[in-house]
Amino acid sequence: MVSTGIALAFGSLLLFGGWAVAAGLATRSISTANAVFLSYVASIGVAGAYVLAAKQPITGTRADAGFALASGTFLAAGSISFYAALTRGSMAVVSAIAALYFVVPAIVGIAYLDVAVTTTNVVGLVLAAVAVVLIAL
């Protein structure tokens with residue numbers, strides 16, 4: 001049986017894939033700024049509905065709330081960069097490169113958060129980088 005975490009991760013994969021395709025199509029005739037703005041209007045609606053349905057107050061430390069706000073800032077700036085890249089490059093190549101975002105938390109985790117490094121992790125990261133190079137060719 002597949003764990004809930006794995007099932008949700010696959011849902012995320014499909015939704016992020018749909019986002020990349022829709023973003024690529026949007027940027028054919030809409031400016032980067034307007035495409036990102038419309039995307040975030042929709043995002044606020046979905047996120048707001050989720051928060052209201054969850055009925056959970058915001059709790060936690062100030063530092064963790066700051067990290068949540070920082071993650072939103074990174075996400076918005078990354079989205080702007082992604083949409084701008086889509087207007088100038090191939091959807092397949094741009095999406096493949098952007099999909100390597102997981103390398104950043106892997107490196108930060110290893111360097112600063114005492115995450116254990118295994119041979120399998122290193123091989124996986126190298127193969128992912130090779131895959132992007134092959135897609136870009």
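Is Ser39 buried or exposed? Ser39 is buried, because its relative accessible area is 15%, and buried means under 20%. The legends below start from the whole chain and then move in, and the model they describe is a predicted one.

**Figure 1. The whole protein chain is built from six helices and zero strands.** If you follow the sequence, the pattern you meet is α-α-α-α-α-α. The C-alpha atoms fit a box of roughly 45 × 40 × 35 Å along the principal axes. The chain has 137 residues, and 14% of them count as buried. About 10,300 Å² of the protein chain is exposed, with carbon and sulfur atoms supplying 75% of that area. Among contacts with a separation of 6 or more, 74% join residues that are 24 or more positions apart.

**Figure 2. A look into the largest nonpolar core shows eight residues.** Here you can find Ala20, Ala23, Ala35, Val36, Phe82, Tyr83, Leu86 and Val94. Three helices, α1 (4-26), α2 (32-54) and α3 (62-88), each bring at least two residues to this core. The largest share is that of α3, with three residues. Pick out Ala35 as a starting point: leaving aside residues up to four places away in sequence, Ala35 touches Ala26, Thr27, Ile30 and Tyr83.

**Figure 3. Ser39 sits in helix α2.** This is the residue from the opening question, buried at a relative accessible area of 15%. Which residues does Ser39 touch, not counting those up to four places away in sequence? They are Trp19 and Tyr83. Tyr83 is also a member of the largest nonpolar core, while Trp19 is one of the residues nearest the centre of the largest pocket.

**Figure 4. Helix α1 agrees with its expected span.** With 23 residues at 1.5 Å a residue, α1 should span 33 Å, and its end C-alpha atoms are 32 Å apart. The buried residues to look for in α1 are Ala20, Ala23 and Gly24. These buried residues pack against α3 and α4.

**Figure 5. Helix α3 runs through 27 residues.** From its first C-alpha to its last, α3 reaches 39 Å, close to the 39 Å expected at 1.5 Å a residue. Ser79, Phe82, Tyr83 and Leu86 are buried in this helix. An α-helix has 3.6 residues a turn, so residues three or four places apart point the same way. The cover over the buried residues of α3 includes α1, α2 and α4 (91-98).

**Figure 6. The largest pocket has a volume of about 1,800 Å³.** Its lining counts 42 residues, and those nearest the centre are Phe16, Trp19, Tyr40, Leu75 and Ser79. Two or more lining residues come from each of α1, α2, α3, α4, α5 (103-112) and α6 (119-136). Which helix gives the most? That is α3, with 13 residues.

**Figure 7. Two loop residues, Lys55 and Asp114, have a positive phi.** Most residues other than glycine have a negative phi. Lys55 lies in the loop between α2 and α3, and its phi is near 50 degrees. Lys55 counts as exposed, because its relative accessibility is 72% and exposed means over 50%. Asp114 belongs to the loop between α5 and α6, with a phi near 55 degrees. At a relative accessible area of 74%, Asp114 is exposed too.

Methods
Residues are numbered from 1 along each chain as its sequence is written. This is a predicted model: local features need pLDDT of at least 70, side-chain atom pairs count only at pLDDT 80 or more; totals for chains, interfaces and linings use all residues. Side-chain values use heavy atoms; hydrogens and water are left out. A nonpolar core is a set of buried Ala, Val, Leu, Ile, Met, Phe, Trp, Tyr and Cys residues joined through side-chain atoms within 4.5 Å. Buried means under 20% relative accessible area, exposed over 50%, partly exposed in between (1.4 Å probe, protein chains only). Helices (H or I, at least four residues) and strands (E, at least two) are DSSP runs, numbered from the N terminus. Contact means heavy atoms within 4.5 Å. The expected span of a helix is 1.5 Å times one less than its number of residues. Accessible areas come from the Shrake-Rupley method with a 1.4 Å probe; for residues, only the protein chains shown count as cover. On a 1 Å grid over the protein atoms alone, a cavity is a set of points where a 1.4 Å probe fits but cannot get out, and a pocket is an open set with protein on both sides within 12 Å along at least five of seven lines; lining residues have an atom within 4 Å of a point. Grid points are joined across faces, edges and corners, and a volume is the space filled by probe spheres set on the points.
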